Amino acid sequence: MIFNSFSFIALNFIFLLLFWLQRKVTHRNLVLLSASLIFYAWSFWPALLLFLLMLMFNYAAGQIIEKQKNRLFLFGAVSVNLSVLGIFKYSRFILECLVDLVGLFNLTMPVPSFNYWLPLGISFYTFQMIAYLVDVYRGDVKSEKNVITFAVFKSFYAQLVAGPIVRASELLPQIKRVNKFDPQKFHLGLYYLIAGLFIKVAIADSISHFVDYSFENPELLNFLNAWGSLYGFAVQILADFWGYSTIAIGIGLLYGVELPINFKNPYAASSIGQFWRTWHITLSTWLRDYLYFPLGGGRRHKYRNIIITLSLAGLWHGASWNFIIYGVLHGVWLACEKKLQEKGFSINLPLLCKQLLVFQGLSVLRVFFRADDLPTALSYFKSLLGGYNSGQTVPGDLLSLIFSFVVFNYFFERSLRDKSFLNWSLVKQVAVTTVFILAIISFASAKISFIYFEF
Amino acid sequence: MIHKSLYYRNTKMKNLLLFIVTLMVLFAGAELFAQKNFKVLKSFSDPAVFKLELLKKRSGNNLVFLGSSRFLDAVSVEYLNTWSLKENELKLKSFDASFRGPSFDEYLFSIKEILKIKNTDFLVLEWSNAVFSDHKKKIKEVSAGIIKKTDSIENSLQSFVLSQSALVRLRKSISLRSLHKYYMLKTSDKNTHDLWLNPRIFKNIYTEYKHQSKKDLSTFKPEIWESLSTPEVHGQPDKIVRLVEALDKAKIKVIFVRPPVVKEKNFLGESFSSPVGKFPAKFDKSVFIDYSKVSFPNYLMRDDVHLSVQGKVLFSQILARDLALQIRGAE
């Protein structure tokens, strides 16, 4: 079930009411669990069976790992999680690569044909489960004995399918205690929910029409159109994901639960390192703590570790060569930046110039992220270089949307990661929220999913 | 301490309740406003219907134009009024109800609506392939659903919300531009808002208003039919019949104008040589002014069927001259 639908809004407030009518934490968690499972099963119920299996497996694995403190058990449990992810997400890609490889030797390979389906949010909840197991092994958190509490921790619908990737140490304590109804959190939660829907519906979904057309038909784009659409995609992907994360945080607050912030104005980054510290923060920190550090971190083979980590980050986003190239290029960029910093080399440019350069680099790399395949990506690069002659002008609506996002970001970005909204006057709160709600009503058209739902 | 904490909790609760209640009251008010002014607000999202609403707000005797983009790009009512007074000593109050890409049904709908409005004395209708075509059908009465149909619970909820909320049904009218449109409605009697109603505003910067001197218009002479031999146009005869039925009871003078054209667009895929419908013998209310065979220099046309900005300025002068004859004759 997607957030920008009537079903979700209706269900959300029904369960919210039921939740706050309960006094005991067990009853509240049961309500939350029911809501989460219904939300997850709404789109495709067989995916729920897989999720429940993974949930029970990791619940048991956590207990065993805590008792045995055996690295082998940890390795086994993590492997099972990764294998499930691999089967559902990467098997088709691996098979296609094998077919291509075998084809190089003029041989053919029989490929079993079956319907591939990607369970909703499998990348997110797999990472969350792995983080839990490792944290238990390291002793950072105790394994959860109460199966309901554990199930709520894993399945909380606000963040289940597209993050933020929440650690056990962040969420479990909040679920286990009886939270009194906090009017401030509820107040802030409402604002986050509405603002998040605005970013998602009014900006991301509206821009997607232009971007989809451009990436489906790169040969119809002239130079200006190609760059306009690329910047449009840069805005779209941030608005889509930031909007979703904001909605998730808002929903959490409505239940009295604080979820971690996932974005901190990433396009204001003046270096690629800063970008990764401000973009999809929960994924970046996950990669740092559970991949980069175990590989050796900065202590040994630092640059290799950076490249491997970001390459795998690229692969996590999607099963195709596009995403691998995307990740590798990011890894190389970050490694080069770190190397230059250590050598004491720095570019003396105004902050705005650095920010624009980083943004430009990110936008160019996003061609690989957005294009369906390599040939499309290459065709798009051709249009970026003015390789096609089309008479179409850049749509005014696209420019308006990009401009609107820049203005929104300038004025409201901070209010979506701190509590400054609560300090606004009532008039300002109502005025801003009203504008957001009117924009949501006005722009709500086609039901377009979240980009990150596909991961 | 407990007292302080209770105080803070009560204050926070008060702020939350105030916020929620204020929003609810605001949207309830907006909903009531939307229900009361539904028809007018709905017109904000439809250029053709919006122009009809503007026309309704105008008082006095109006000369109303109705056509497609060919008329929009050919006629400036501001310029027409100015030149009518300056050159022909005729005070006109003109209004352009034309809109881009009409289907015949929309054209006919607008004609019927204009005829209901009592402040119109002269109706200038475009007579061209464009208005008699079916290349774009829109049905004004149907409101589109908000979200594409997927599962049935979602459909039911959508239908419920749509049926209950005028504000949601008016979603296409919610924009910053709506504020300006509301202002245009309020000032429609005194102002044609000519520049704003044509979407291609930047192409119509009327710098030539200031510099235009009286041109020799004698070379631009149209063909005028006051008899029943109407000019040919590609349109099914049944459409002519429907048009005649709509105009038959009109008490106002109807003038058909065929705008300048380099090469006629054929929307129906028929050959140009096919004769088409003509008005029936008993219909004698209208006059036809045909500019299609008038030779316009290239710089006055921006494509085969649309005038450029300079063309619009000049054609408005020409039309002011020719319409003055018809209007004086009618008086």
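**View 1. Asn265(A) sits in the loop between helix H9 (223-254) and helix H10 (272-278) of chain A.** The model shown here is predicted. The phi angle of Asn265(A) is near 50°, a positive value in a residue other than glycine. Most residues other than glycine have a negative phi. Asn265(A) counts as partly exposed, at 23% relative accessibility.

**View 2. Glu89(B) occupies the loop between helix H5 (77-88) and strand E2 (94-96) of chain B.** Its phi is near 50°, again a positive value in a residue other than glycine. Glu89(B) is exposed, and its relative accessible area is 69%. The cut-off for exposed is over 50%, so Glu89(B) falls in that class.

**View 3. Trp333(A) lies in helix H13 (residues 321-342) of chain A.** Relative accessibility is 25% for Trp333(A), which counts as partly exposed. Residues up to four places away in sequence are left out of the contacts described here. Trp333(A) touches Val358(A), Gly361(A), Leu362(A) and Leu365(A). Ile272(A) is also touched by Trp333(A). Along the chain, Trp333(A) and Ile272(A) are 61 residues apart. Their C-alpha atoms are separated by 7.3 Å.

**View 4. Thr126(A) is placed in helix H5 (residues 122-138) of chain A.** Thr126(A) counts as buried, with 1% relative accessibility. The cut-off for buried is under 20%, so Thr126(A) meets it. A polar atom of the Thr126(A) side chain lies 2.5 Å from the backbone oxygen of Ile122(A). Beyond its neighbours within four places in sequence, Thr126(A) is in contact with Asn81(A) and Leu85(A).

**View 5. Tyr255(A) belongs to the largest nonpolar core.** This core has 197 residues. Tyr191(A) and Tyr255(A) are those with the most contacts inside it. Neighbours of Tyr255(A) within four places in sequence are set aside in what follows. Tyr255(A) is in contact with Asn12(A), Phe15(A), Leu16(A), Phe19(A) and Trp20(A). Leu32(A), Phe156(A) and Tyr157(A) are further contacts of Tyr255(A). Another core, of 34 residues, lies apart from the largest one. Among its members are Ala74(B), Leu92(B), Phe220(B) and Leu314(B). In soluble globular proteins, nonpolar side chains tend to be buried together.

**View 6. Six residues of chain A, Ile94(A), Leu98(A), Leu101(A), Leu104(A), Phe105(A) and Leu107(A), make a nonpolar surface patch.** The patch covers about 640 Å². One of its residues, Leu104(A), lies in helix H4 (residues 71-104) of chain A. Leu104(A) is exposed, with 66% relative accessible area. Patch residues need over 30% relative accessible area, so Leu104(A) clears that cut-off.

**View 7. Chain B contains 13 helices and six strands.** Of its 331 residues, 49% count as buried. The accessible surface of chain B comes to about 17,200 Å². Carbon and sulfur atoms account for 59% of that surface. Among contacts in chain B with a separation of 6 or more, 83% join residues 24 or more positions apart.

Notes: Residues are numbered from 1 along each chain as its sequence is written. Chains are lettered from A and ligands numbered from 1 in the order in which they are written. This is a predicted model: local features need pLDDT of at least 70, side-chain atom pairs count only at pLDDT 80 or more; totals for chains, interfaces and linings use all residues. Side-chain values use heavy atoms; hydrogens and water are left out. Helices (H or I, at least four residues) and strands (E, at least two) are DSSP runs, numbered from the N terminus. Buried means under 20% relative accessible area, exposed over 50%, partly exposed in between (1.4 Å probe, protein chains only). Contact means heavy atoms within 4.5 Å. Accessible areas come from the Shrake-Rupley method with a 1.4 Å probe; for residues, only the protein chains shown count as cover. Patches are made of residues with over 30% relative accessible area and no salt bridge: like charges are joined within 9 Å, nonpolar side chains (Val, Leu, Ile, Met, Phe, Trp, Tyr) within 5 Å. A salt bridge is a side-chain nitrogen of Lys or Arg within 4 Å of a carboxyl oxygen of Asp or Glu. A nonpolar core is a set of buried Ala, Val, Leu, Ile, Met, Phe, Trp, Tyr and Cys residues joined through side-chain atoms within 4.5 Å. A polar contact is a pair of N or O atoms within 3.5 Å; within protein, one must be able to donate a hydrogen and the other to accept it, and residues adjacent in sequence count only if both atoms are side-chain atoms.
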